[in-house]
There are 2 protein chains.
Amino acid sequence: MRIKAVISYDGTNFAGYQVQPNKRTVQLELERVLMKIHKGEAIKVVASGRTDARVHATGQVIHFDTPLNISVEAWQKALNVQLPDDIRVRDVQLVTDDFHARYGAVGKRYRYIWSLERIQSPFRRHYAVFMKGQQPDVKRMKQATHAFLGEHDFSAFCAANTSVVDKVRTIHSLRLEQHPNELHLIIEGNGFLYNMVRIIAGTLWDVGMKKIAVAQVPAILASQSRDEAGKTAPPQGLYLEEVWYA
Amino acid sequence: MRIKAVISYDGTNFAGYQVQPNKRTVQLELERVLMKIHKGEAIKVVASGRTDARVHATGQVIHFDTPLNISVEAWQKALNVQLPDDIRVRDVQLVTDDFHARYGAVGKRYRYIWSLERIQSPFRRHYAVFMKGQQPDVKRMKQATHAFLGEHDFSAFCAANTSVVDKVRTIHSLRLEQHPNELHLIIEGNGFLYNMVRIIAGTLWDVGMKKIAVAQVPAILASQSRDEAGKTAPPQGLYLEEVWYA
(Lines give C-alpha, C1' and ligand atoms only; values in the text may rest on other atoms or scores of the structure.)
Protein backbone atom coordinates (compact mmCIF):
# COMPACT_ATOMS: atom_id res chain seq x y z
CA MET A 1 0.00 0.00 0.00
CA ARG A 2 1.21 3.51 -0.74
CA ILE A 3 0.67 6.21 1.88
CA LYS A 4 0.78 9.95 1.19
CA ALA A 5 1.26 12.31 4.11
CA VAL A 6 1.32 16.08 4.49
CA ILE A 7 3.83 17.12 7.14
CA SER A 8 5.00 20.31 8.79
CA TYR A 9 8.32 20.83 10.45
CA ASP A 10 10.25 23.51 12.26
CA GLY A 11 13.54 23.45 10.36
CA THR A 12 15.54 25.12 13.15
CA ASN A 13 17.12 22.01 14.58
CA PHE A 14 17.46 20.03 11.35
CA ALA A 15 20.37 19.85 8.92
CA GLY A 16 17.68 19.90 6.23
CA TYR A 17 15.20 17.39 4.89
CA GLN A 18 17.45 14.81 3.25
CA VAL A 19 19.45 12.11 5.03
CA GLN A 20 23.14 12.99 5.48
CA PRO A 21 25.74 11.05 7.47
CA ASN A 22 25.77 11.92 11.19
CA LYS A 23 23.23 14.73 10.86
CA ARG A 24 19.74 15.13 12.26
CA THR A 25 17.44 15.40 9.27
CA VAL A 26 13.66 15.22 8.76
CA GLN A 27 13.93 12.17 6.51
CA LEU A 28 16.06 10.39 9.12
CA GLU A 29 13.43 10.96 11.82
CA LEU A 30 10.61 9.82 9.53
CA GLU A 31 12.45 6.65 8.46
CA ARG A 32 13.52 5.92 12.03
CA VAL A 33 9.90 5.97 13.21
CA LEU A 34 8.68 3.95 10.21
CA MET A 35 11.36 1.33 10.86
CA LYS A 36 10.08 1.02 14.43
CA ILE A 37 6.48 0.67 13.25
CA HIS A 38 7.64 -2.00 10.76
CA LYS A 39 9.57 -3.92 13.45
CA GLY A 40 13.02 -3.24 12.04
CA GLU A 41 12.24 -3.25 8.33
CA ALA A 42 13.70 -0.22 6.49
CA ILE A 43 11.05 1.93 4.81
CA LYS A 44 12.17 4.53 2.26
CA VAL A 45 10.42 7.91 2.41
CA VAL A 46 10.12 10.04 -0.74
CA ALA A 47 9.43 13.79 -0.38
CA SER A 48 8.28 16.37 -2.94
CA GLY A 49 11.76 17.81 -2.72
CA ARG A 50 14.47 18.52 -0.19
CA THR A 51 14.63 21.60 2.00
CA ASP A 52 17.85 23.10 3.37
CA ALA A 53 19.00 23.37 6.98
CA ARG A 54 16.77 25.77 9.00
CA VAL A 55 14.15 25.96 6.20
CA HIS A 56 10.62 25.24 7.45
CA ALA A 57 7.66 23.40 5.98
CA THR A 58 3.97 23.74 6.73
CA GLY A 59 2.90 21.52 3.82
CA GLN A 60 5.69 19.20 2.72
CA VAL A 61 4.36 16.03 1.03
CA ILE A 62 5.88 12.58 1.40
CA HIS A 63 5.01 9.04 0.36
CA PHE A 64 6.11 5.59 1.44
CA ASP A 65 5.08 1.99 0.78
CA THR A 66 3.97 -0.32 3.54
CA PRO A 67 2.71 -3.90 3.86
CA LEU A 68 0.74 -2.88 6.97
CA ASN A 69 -3.00 -2.56 6.74
CA ILE A 70 -3.66 0.40 9.03
CA SER A 71 -6.34 3.09 8.69
CA VAL A 72 -5.18 6.58 7.74
CA GLU A 73 -6.31 7.87 11.14
CA ALA A 74 -4.21 5.23 12.89
CA TRP A 75 -1.22 6.07 10.67
CA GLN A 76 -1.44 9.74 11.60
CA LYS A 77 -1.70 8.91 15.30
CA ALA A 78 1.10 6.33 15.26
CA LEU A 79 3.46 8.69 13.45
CA ASN A 80 2.67 11.73 15.61
CA VAL A 81 3.06 9.77 18.84
CA GLN A 82 6.55 8.62 17.88
CA LEU A 83 7.89 11.58 15.91
CA PRO A 84 9.76 14.40 17.71
CA ASP A 85 7.53 17.43 18.24
CA ASP A 86 9.30 19.54 15.62
CA ILE A 87 7.72 17.31 12.94
CA ARG A 88 3.95 16.82 12.76
CA VAL A 89 1.85 14.81 10.34
CA ARG A 90 -1.05 17.04 9.31
CA ASP A 91 -2.84 14.58 7.05
CA VAL A 92 -2.55 11.02 5.79
CA GLN A 93 -4.13 9.53 2.66
CA LEU A 94 -4.09 6.13 1.01
CA VAL A 95 -2.99 6.61 -2.62
CA THR A 96 -2.56 4.41 -5.68
CA ASP A 97 0.89 3.04 -6.53
CA ASP A 98 1.34 5.57 -9.35
CA PHE A 99 1.35 8.48 -6.89
CA HIS A 100 4.84 9.86 -6.48
CA ALA A 101 5.56 12.72 -4.04
CA ARG A 102 8.46 14.02 -6.12
CA TYR A 103 7.76 13.18 -9.77
CA GLY A 104 4.02 13.74 -9.47
CA ALA A 105 4.29 17.28 -8.05
CA VAL A 106 2.91 19.81 -10.54
CA GLY A 107 3.16 22.93 -8.39
CA LYS A 108 4.41 24.33 -5.11
CA ARG A 109 3.88 27.37 -2.96
CA TYR A 110 6.63 28.90 -0.82
CA ARG A 111 6.56 31.81 1.61
CA TYR A 112 9.52 33.99 2.54
CA ILE A 113 9.29 36.17 5.68
CA TRP A 114 11.35 39.26 6.45
CA SER A 115 11.14 40.84 9.89
CA LEU A 116 11.11 44.64 9.66
CA GLU A 117 11.32 45.28 13.41
CA ARG A 118 13.84 47.76 14.73
CA ILE A 119 14.91 45.38 17.51
CA GLN A 120 14.86 41.67 16.69
CA SER A 121 12.15 39.72 18.48
CA PRO A 122 13.59 36.68 20.30
CA PHE A 123 10.38 34.88 19.31
CA ARG A 124 10.86 35.35 15.56
CA ARG A 125 14.62 34.77 15.37
CA HIS A 126 14.23 31.29 13.87
CA TYR A 127 11.07 32.06 11.87
CA ALA A 128 11.78 35.25 9.94
CA VAL A 129 14.89 37.02 8.70
CA PHE A 130 15.75 40.09 10.75
CA MET A 131 16.74 42.98 8.50
CA LYS A 132 18.19 45.22 11.24
CA GLY A 133 15.36 47.71 11.06
CA GLN A 134 15.84 48.51 7.37
CA GLN A 135 12.56 49.50 5.66
CA PRO A 136 12.42 48.52 1.98
CA ASP A 137 10.40 50.36 -0.65
CA VAL A 138 7.68 47.73 -1.06
CA LYS A 139 6.17 49.50 -4.09
CA ARG A 140 9.45 49.01 -5.98
CA MET A 141 9.56 45.38 -4.90
CA LYS A 142 6.00 44.84 -6.14
CA GLN A 143 6.88 46.36 -9.51
CA ALA A 144 9.88 44.04 -9.78
CA THR A 145 7.82 40.91 -9.11
CA HIS A 146 6.22 41.14 -12.58
CA ALA A 147 9.48 40.22 -14.30
CA PHE A 148 9.42 36.74 -12.76
CA LEU A 149 5.90 35.76 -13.83
CA GLY A 150 5.49 33.15 -16.54
CA GLU A 151 8.02 30.79 -18.11
CA HIS A 152 11.71 31.72 -17.88
CA ASP A 153 15.13 30.16 -17.76
CA PHE A 154 15.98 30.73 -14.11
CA SER A 155 19.73 30.01 -14.36
CA ALA A 156 20.46 33.40 -12.79
CA PHE A 157 18.31 32.39 -9.80
CA CYS A 158 19.78 28.96 -9.15
CA ALA A 159 22.70 27.99 -6.90
CA ALA A 160 25.77 27.56 -9.13
CA ASN A 161 26.57 24.07 -7.79
CA THR A 162 23.44 22.34 -9.09
CA SER A 163 23.35 19.33 -11.40
CA VAL A 164 19.94 20.12 -12.92
CA VAL A 165 20.22 20.76 -16.68
CA ASP A 166 16.83 22.18 -17.61
CA LYS A 167 16.46 25.45 -15.73
CA VAL A 168 13.21 26.56 -17.33
CA ARG A 169 10.41 26.99 -14.79
CA THR A 170 7.03 28.71 -14.74
CA ILE A 171 6.04 31.09 -11.96
CA HIS A 172 2.26 31.27 -11.66
CA SER A 173 2.06 33.96 -9.02
CA LEU A 174 4.30 36.05 -6.85
CA ARG A 175 2.93 38.52 -4.34
CA LEU A 176 4.05 40.60 -1.37
CA GLU A 177 1.94 40.81 1.76
CA GLN A 178 2.51 43.44 4.44
CA HIS A 179 1.96 42.16 7.99
CA PRO A 180 2.63 44.04 11.26
CA ASN A 181 6.45 44.38 11.35
CA GLU A 182 6.84 41.76 8.63
CA LEU A 183 6.92 41.47 4.87
CA HIS A 184 5.91 38.17 3.26
CA LEU A 185 6.72 36.99 -0.25
CA ILE A 186 4.37 34.26 -1.51
CA ILE A 187 5.41 32.48 -4.67
CA GLU A 188 3.75 29.70 -6.66
CA GLY A 189 5.19 27.85 -9.60
CA ASN A 190 5.42 24.52 -11.38
CA GLY A 191 8.82 23.83 -9.86
CA PHE A 192 11.77 25.53 -8.21
CA LEU A 193 15.51 25.20 -8.73
CA TYR A 194 17.98 24.88 -5.87
CA ASN A 195 17.89 28.11 -3.80
CA MET A 196 15.60 29.73 -6.39
CA VAL A 197 13.12 31.24 -3.91
CA ARG A 198 15.89 32.51 -1.66
CA ILE A 199 17.77 34.15 -4.58
CA ILE A 200 14.53 35.75 -5.83
CA ALA A 201 13.92 36.98 -2.25
CA GLY A 202 17.46 38.36 -1.97
CA THR A 203 17.12 40.12 -5.31
CA LEU A 204 13.71 41.61 -4.50
CA TRP A 205 15.09 42.88 -1.19
CA ASP A 206 17.92 44.63 -3.05
CA VAL A 207 15.30 46.23 -5.31
CA GLY A 208 13.46 47.40 -2.18
CA MET A 209 16.73 48.85 -0.83
CA LYS A 210 17.43 50.56 -4.17
CA LYS A 211 20.58 48.58 -4.78
CA ILE A 212 19.01 47.07 -7.91
CA ALA A 213 16.78 49.05 -10.31
CA VAL A 214 13.31 47.64 -11.09
CA ALA A 215 14.17 47.74 -14.79
CA GLN A 216 17.34 45.71 -14.18
CA VAL A 217 15.45 42.61 -13.04
CA PRO A 218 14.42 41.37 -16.53
CA ALA A 219 18.06 41.87 -17.60
CA ILE A 220 19.28 39.76 -14.66
CA LEU A 221 16.88 36.97 -15.70
CA ALA A 222 18.02 37.22 -19.32
CA SER A 223 21.70 37.12 -18.32
CA GLN A 224 21.25 33.53 -17.05
CA SER A 225 24.19 34.31 -14.78
CA ARG A 226 24.01 33.71 -11.02
CA ASP A 227 26.48 36.57 -10.45
CA GLU A 228 23.96 39.15 -11.69
CA ALA A 229 21.24 38.36 -9.14
CA GLY A 230 21.13 39.35 -5.44
CA LYS A 231 22.40 37.32 -2.52
CA THR A 232 20.75 34.08 -1.43
CA ALA A 233 18.45 35.17 1.42
CA PRO A 234 18.95 33.27 4.72
CA PRO A 235 17.13 29.93 5.21
CA GLN A 236 15.11 30.65 8.35
CA GLY A 237 12.74 32.97 6.44
CA LEU A 238 11.65 30.23 4.03
CA TYR A 239 8.58 27.98 4.31
CA LEU A 240 7.40 25.25 1.94
CA GLU A 241 3.63 25.76 2.24
CA GLU A 242 1.92 23.48 -0.25
CA VAL A 243 2.54 20.94 -3.00
CA TRP A 244 0.00 20.17 -5.72
CA TYR A 245 -0.53 16.96 -7.70
CA ALA A 246 -2.36 16.46 -10.97
CA MET B 1 24.06 55.96 37.51
CA ARG B 2 21.01 53.68 37.56
CA ILE B 3 19.84 52.17 34.29
CA LYS B 4 16.35 50.71 33.73
CA ALA B 5 15.82 48.37 30.77
CA VAL B 6 12.82 46.61 29.29
CA ILE B 7 13.81 43.21 27.93
CA SER B 8 12.15 40.35 26.12
CA TYR B 9 13.32 36.77 26.13
CA ASP B 10 12.36 33.42 24.68
CA GLY B 11 12.35 31.25 27.80
CA THR B 12 12.72 27.96 25.90
CA ASN B 13 16.43 27.49 26.44
CA PHE B 14 16.68 29.06 29.91
CA ALA B 15 16.43 27.44 33.32
CA GLY B 16 14.45 30.54 34.27
CA TYR B 17 15.35 34.14 35.01
CA GLN B 18 17.33 33.83 38.24
CA VAL B 19 20.94 32.70 38.55
CA GLN B 20 21.32 29.07 39.62
CA PRO B 21 24.54 27.04 39.82
CA ASN B 22 25.55 25.47 36.48
CA LYS B 23 22.39 26.56 34.67
CA ARG B 24 21.85 28.91 31.76
CA THR B 25 19.62 31.70 33.08
CA VAL B 26 18.59 35.13 31.80
CA GLN B 27 20.22 36.90 34.76
CA LEU B 28 23.47 35.02 34.14
CA GLU B 29 23.59 36.16 30.50
CA LEU B 30 22.80 39.76 31.45
CA GLU B 31 25.43 39.87 34.20
CA ARG B 32 28.00 38.15 31.98
CA VAL B 33 27.60 40.83 29.30
CA LEU B 34 27.61 43.67 31.86
CA MET B 35 30.80 42.28 33.40
CA LYS B 36 32.41 42.38 29.96
CA ILE B 37 31.27 45.96 29.37
CA HIS B 38 32.66 46.89 32.82
CA LYS B 39 36.02 45.21 32.11
CA GLY B 40 35.65 42.43 34.65
CA GLU B 41 33.73 44.27 37.36
CA ALA B 42 30.66 42.35 38.59
CA ILE B 43 27.38 44.22 38.06
CA LYS B 44 24.28 42.98 39.86
CA VAL B 45 21.05 42.99 37.85
CA VAL B 46 17.70 43.34 39.64
CA ALA B 47 14.52 42.24 37.84
CA SER B 48 10.85 42.94 38.59
CA GLY B 49 10.58 39.28 39.55
CA ARG B 50 11.84 35.89 38.52
CA THR B 51 10.29 33.76 35.81
CA ASP B 52 10.46 29.95 35.70
CA ALA B 53 12.19 27.74 33.16
CA ARG B 54 10.52 27.97 29.72
CA VAL B 55 8.43 31.00 30.73
CA HIS B 56 8.73 33.90 28.28
CA ALA B 57 8.88 37.66 28.69
CA THR B 58 8.02 40.41 26.25
CA GLY B 59 8.29 43.17 28.85
CA GLN B 60 10.44 42.14 31.82
CA VAL B 61 11.99 45.14 33.59
CA ILE B 62 15.48 45.19 35.11
CA HIS B 63 17.78 47.75 36.66
CA PHE B 64 21.50 47.96 37.40
CA ASP B 65 23.98 50.55 38.61
CA THR B 66 26.96 51.58 36.54
CA PRO B 67 29.83 54.06 36.83
CA LEU B 68 29.93 54.33 33.03
CA ASN B 69 28.62 57.46 31.36
CA ILE B 70 27.04 56.03 28.22
CA SER B 71 23.91 57.27 26.39
CA VAL B 72 20.79 55.11 26.60
CA GLU B 73 21.00 54.45 22.85
CA ALA B 74 24.59 53.23 23.24
CA TRP B 75 23.58 51.04 26.19
CA GLN B 76 20.84 49.39 24.15
CA LYS B 77 23.19 48.78 21.24
CA ALA B 78 26.08 47.50 23.40
CA LEU B 79 23.80 45.07 25.24
CA ASN B 80 22.04 43.78 22.12
CA VAL B 81 25.31 43.26 20.27
CA GLN B 82 26.69 41.07 23.05
CA LEU B 83 23.60 39.30 24.37
CA PRO B 84 22.53 35.98 22.85
CA ASP B 85 19.64 36.40 20.39
CA ASP B 86 17.07 34.85 22.72
CA ILE B 87 17.30 37.99 24.90
CA ARG B 88 16.71 41.45 23.46
CA VAL B 89 16.76 44.85 25.12
CA ARG B 90 13.66 46.69 23.92
CA ASP B 91 14.26 49.97 25.72
CA VAL B 92 16.77 51.65 28.04
CA GLN B 93 16.17 54.60 30.36
CA LEU B 94 18.31 56.52 32.82
CA VAL B 95 16.49 56.53 36.18
CA THR B 96 17.02 58.06 39.60
CA ASP B 97 18.63 55.99 42.34
CA ASP B 98 15.28 55.43 44.07
CA PHE B 99 13.97 53.41 41.11
CA HIS B 100 13.86 49.72 41.99
CA ALA B 101 12.75 47.14 39.38
CA ARG B 102 11.38 44.80 42.06
CA TYR B 103 10.23 46.90 45.00
CA GLY B 104 8.96 49.74 42.83
CA ALA B 105 6.70 47.58 40.66
CA VAL B 106 3.03 48.46 41.26
CA GLY B 107 1.47 46.25 38.60
CA LYS B 108 2.12 43.54 36.05
CA ARG B 109 0.41 42.02 33.06
CA TYR B 110 0.80 38.36 32.09
CA ARG B 111 -0.56 36.40 29.14
CA TYR B 112 -1.25 32.67 29.05
CA ILE B 113 -1.69 30.97 25.66
CA TRP B 114 -3.46 27.66 25.01
CA SER B 115 -3.22 26.08 21.57
CA LEU B 116 -6.57 24.56 20.55
CA GLU B 117 -5.31 22.94 17.34
CA ARG B 118 -6.18 19.33 16.64
CA ILE B 119 -2.58 18.56 15.61
CA GLN B 120 0.17 20.43 17.43
CA SER B 121 1.97 22.99 15.30
CA PRO B 122 5.75 22.47 15.41
CA PHE B 123 6.02 26.27 15.32
CA ARG B 124 3.99 26.85 18.49
CA ARG B 125 5.35 23.97 20.60
CA HIS B 126 7.50 26.24 22.74
CA TYR B 127 5.12 29.23 22.67
CA ALA B 128 1.69 27.89 23.60
CA VAL B 129 0.38 24.90 25.51
CA PHE B 130 -1.05 22.22 23.26
CA MET B 131 -4.31 20.86 24.67
CA LYS B 132 -4.57 17.81 22.39
CA GLY B 133 -7.46 19.23 20.41
CA GLN B 134 -9.75 19.64 23.43
CA GLN B 135 -12.19 22.54 22.99
CA PRO B 136 -13.12 24.26 26.26
CA ASP B 137 -16.41 26.03 26.92
CA VAL B 138 -15.05 29.58 26.81
CA LYS B 139 -18.33 31.06 28.06
CA ARG B 140 -17.98 29.10 31.29
CA MET B 141 -14.37 30.20 31.61
CA LYS B 142 -15.39 33.84 31.14
CA GLN B 143 -18.02 33.53 33.85
CA ALA B 144 -15.43 32.04 36.20
CA THR B 145 -12.98 34.92 35.68
CA HIS B 146 -15.20 37.28 37.73
CA ALA B 147 -14.40 35.46 40.97
CA PHE B 148 -10.74 36.49 40.77
CA LEU B 149 -11.29 40.23 40.32
CA GLY B 150 -10.44 42.54 43.20
CA GLU B 151 -8.54 41.89 46.40
CA HIS B 152 -8.31 38.31 47.66
CA ASP B 153 -6.08 36.03 49.65
CA PHE B 154 -4.64 33.90 46.83
CA SER B 155 -3.21 31.10 49.03
CA ALA B 156 -5.18 28.54 47.01
CA PHE B 157 -3.46 29.83 43.86
CA CYS B 158 0.11 29.83 45.09
CA ALA B 159 2.72 27.05 44.92
CA ALA B 160 2.80 25.34 48.32
CA ASN B 161 6.58 25.74 48.70
CA THR B 162 6.64 29.53 48.86
CA SER B 163 8.11 31.61 51.68
CA VAL B 164 5.89 34.66 51.09
CA VAL B 165 3.67 35.34 54.10
CA ASP B 166 1.19 37.91 52.84
CA LYS B 167 -0.81 36.24 50.08
CA VAL B 168 -3.29 39.04 49.51
CA ARG B 169 -3.16 40.42 46.00
CA THR B 170 -5.44 42.54 43.82
CA ILE B 171 -6.40 41.49 40.31
CA HIS B 172 -7.36 44.52 38.24
CA SER B 173 -8.46 42.71 35.11
CA LEU B 174 -8.67 39.23 33.72
CA ARG B 175 -9.94 38.55 30.22
CA LEU B 176 -10.03 35.78 27.63
CA GLU B 177 -9.29 36.48 23.99
CA GLN B 178 -10.13 34.04 21.21
CA HIS B 179 -7.53 33.91 18.43
CA PRO B 180 -7.41 31.51 15.46
CA ASN B 181 -6.73 28.10 17.06
CA GLU B 182 -5.66 29.73 20.33
CA LEU B 183 -7.16 30.99 23.55
CA HIS B 184 -5.35 33.74 25.46
CA LEU B 185 -5.80 34.69 29.10
CA ILE B 186 -4.64 38.24 29.91
CA ILE B 187 -4.36 39.10 33.57
CA GLU B 188 -3.33 42.32 35.30
CA GLY B 189 -2.78 42.84 39.00
CA ASN B 190 -0.71 44.60 41.63
CA GLY B 191 1.42 41.53 42.20
CA PHE B 192 1.47 37.79 41.67
CA LEU B 193 2.43 34.90 43.94
CA TYR B 194 4.67 32.05 42.83
CA ASN B 195 2.87 30.09 40.06
CA MET B 196 -0.28 32.16 40.62
CA VAL B 197 -1.02 32.85 36.94
CA ARG B 198 -0.36 29.24 35.98
CA ILE B 199 -2.65 27.89 38.72
CA ILE B 200 -5.39 30.35 37.74
CA ALA B 201 -4.92 29.21 34.11
CA GLY B 202 -5.08 25.53 35.11
CA THR B 203 -8.22 26.15 37.15
CA LEU B 204 -9.94 28.15 34.40
CA TRP B 205 -9.13 25.39 31.92
CA ASP B 206 -10.79 22.84 34.22
CA VAL B 207 -13.86 25.10 34.36
CA GLY B 208 -13.84 25.16 30.55
CA MET B 209 -13.64 21.35 30.50
CA LYS B 210 -16.49 21.09 33.04
CA LYS B 211 -14.30 19.46 35.66
CA ILE B 212 -14.88 22.43 37.97
CA ALA B 213 -18.22 24.26 38.28
CA VAL B 214 -18.25 28.02 37.75
CA ALA B 215 -19.84 28.46 41.17
CA GLN B 216 -17.07 26.43 42.77
CA VAL B 217 -14.35 28.98 41.94
CA PRO B 218 -15.18 31.48 44.72
CA ALA B 219 -15.20 28.55 47.16
CA ILE B 220 -11.74 27.45 45.97
CA LEU B 221 -10.46 30.99 46.59
CA ALA B 222 -12.08 31.08 50.04
CA SER B 223 -10.61 27.68 50.95
CA GLN B 224 -7.08 29.18 50.83
CA SER B 225 -5.96 25.63 50.09
CA ARG B 226 -3.73 24.84 47.11
CA ASP B 227 -5.27 21.35 46.88
CA GLU B 228 -8.66 22.78 45.92
CA ALA B 229 -7.48 24.61 42.78
CA GLY B 230 -6.64 23.11 39.38
CA LYS B 231 -3.23 21.96 38.20
CA THR B 232 -0.38 24.37 37.55
CA ALA B 233 -0.55 24.96 33.77
CA PRO B 234 2.73 24.29 31.89
CA PRO B 235 5.34 27.09 31.69
CA GLN B 236 5.70 27.51 27.91
CA GLY B 237 2.24 29.16 27.65
CA LEU B 238 3.17 32.00 30.00
CA TYR B 239 4.45 35.47 29.05
CA LEU B 240 5.36 38.39 31.33
CA GLU B 241 4.13 41.27 29.18
CA GLU B 242 4.48 44.47 31.14
CA VAL B 243 5.51 45.89 34.52
CA TRP B 244 4.27 49.25 35.83
CA TYR B 245 5.93 51.67 38.21
CA ALA B 246 4.37 54.51 40.21
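Colleague: Quick one to start: how many disulfides over all chains?
Modeller: The count is zero over all chains. A disulfide here is a pair of cysteine sulfur atoms within 2.5 Å.

Colleague: What kind of model is this, and how are things numbered?
Modeller: This is a predicted model, where local features need pLDDT of at least 70, side-chain atom pairs count only at pLDDT 80 or more, and totals for chains, interfaces and linings use all residues. Residues are numbered from 1 along each chain as its sequence is written, chains are lettered from A and ligands numbered from 1 in the order in which they are written, and side-chain values use heavy atoms, with hydrogens and water left out.

Colleague: Back to cysteines. Is Cys158(A) buried or exposed?
Modeller: Cys158(A) is buried, because its relative accessible area is 1%. Cys158(B) is buried too, again at 1%. Buried means under 20% relative accessible area, exposed means over 50%, and partly exposed is in between (1.4 Å probe, protein chains only).

Colleague: New topic. How much space is in the largest pocket?
Modeller: About 1400 Å³. A pocket is found on a 1 Å grid over the protein atoms alone: it is an open set of points where a 1.4 Å probe fits, with protein on both sides within 12 Å along at least five of seven lines. Lining residues have an atom within 4 Å of a point. Grid points are joined across faces, edges and corners, and the volume is the space filled by probe spheres set on the points.

Colleague: Which residues are closest to its centre?
Modeller: Arg124(A), Phe123(B), Arg124(B), Tyr127(B) and Glu182(B), out of 39 lining residues.

Colleague: And which elements give two or more residues to the lining?
Modeller: In chain A they are strands S5 (105-115), S9 (182-189) and S10 (238-245). In chain B they are strands S4 (87-95), S5 (105-115), S9 (182-189) and S10 (238-245). Helices (H or I, at least four residues) and strands (E, at least two) are DSSP runs, numbered from the N terminus.

Colleague: What is the lining like by class?
Modeller: There are 12 nonpolar, 11 polar and 16 charged residues. Ala, Val, Leu, Ile, Met, Phe, Trp, Tyr, Cys and Pro count as nonpolar; Asp, Glu, Lys and Arg as charged; the others, Gly among them, as polar.

Colleague: Which residue does UniProt list for "active site"?
Modeller: Asp52(A), from an unreviewed entry. UniProt positions are given in the numbering used here, feature names are shortened, and annotations may be inferred rather than shown by experiment. Asp52(A) sits in the loop between strand S2 (46-47) and strand S3 (56-65) of chain A.

Colleague: What is Asp52(A) in contact with?
Modeller: Gly16(A), Tyr194(A), Asn195(A) and Arg198(A), leaving aside neighbours within four places in sequence. Contact means heavy atoms within 4.5 Å.

Colleague: Where does UniProt place "binding site"?
Modeller: At Tyr110(A), also per an unreviewed entry. Tyr110(A) is in strand S5 of chain A. Its relative accessible area is 9%, so Tyr110(A) is buried. Beyond its neighbours within four places in sequence, its contacts include Leu185(A), Phe192(A), Val197(A) and Tyr239(A).

Colleague: Which residues carry the domain label?
Modeller: For chain A, the unreviewed UniProt entry lists 5-103 and 144-245 as "domain: Pseudouridine synthase I TruA alpha/beta". Residues 5-103 are 23% helix and 26% strand, with end C-alpha atoms 15 Å apart. Residues 144-245 are 23% helix and 31% strand, with ends 29 Å apart, C-alpha to C-alpha.

Colleague: Now the backbone. What is the phi of Lys39(A)?
Modeller: Positive, about 50°, although Lys39(A) is not a glycine. Lys39(A) is in the loop between helix H1 (26-37) and S2 of chain A. Lys39(A) is exposed, because its relative accessible area is 79%. Lys132(A) also has a positive phi, about 60°, and is not a glycine either. Lys132(A) lies in the loop between strand S6 (129-130) and helix H3 (138-145) of chain A. At 70% relative accessibility, Lys132(A) counts as exposed.

Colleague: Over to chain B. How far is Ala229(B) from Phe157(B)?
Modeller: Their C-alpha atoms are separated by 6.7 Å, with their positions 72 residues apart along the chain. Ala229(B) is in the loop between helix H5 (216-223) and S10 of chain B. Ala229(B) counts as buried, because its relative accessibility is 11%.
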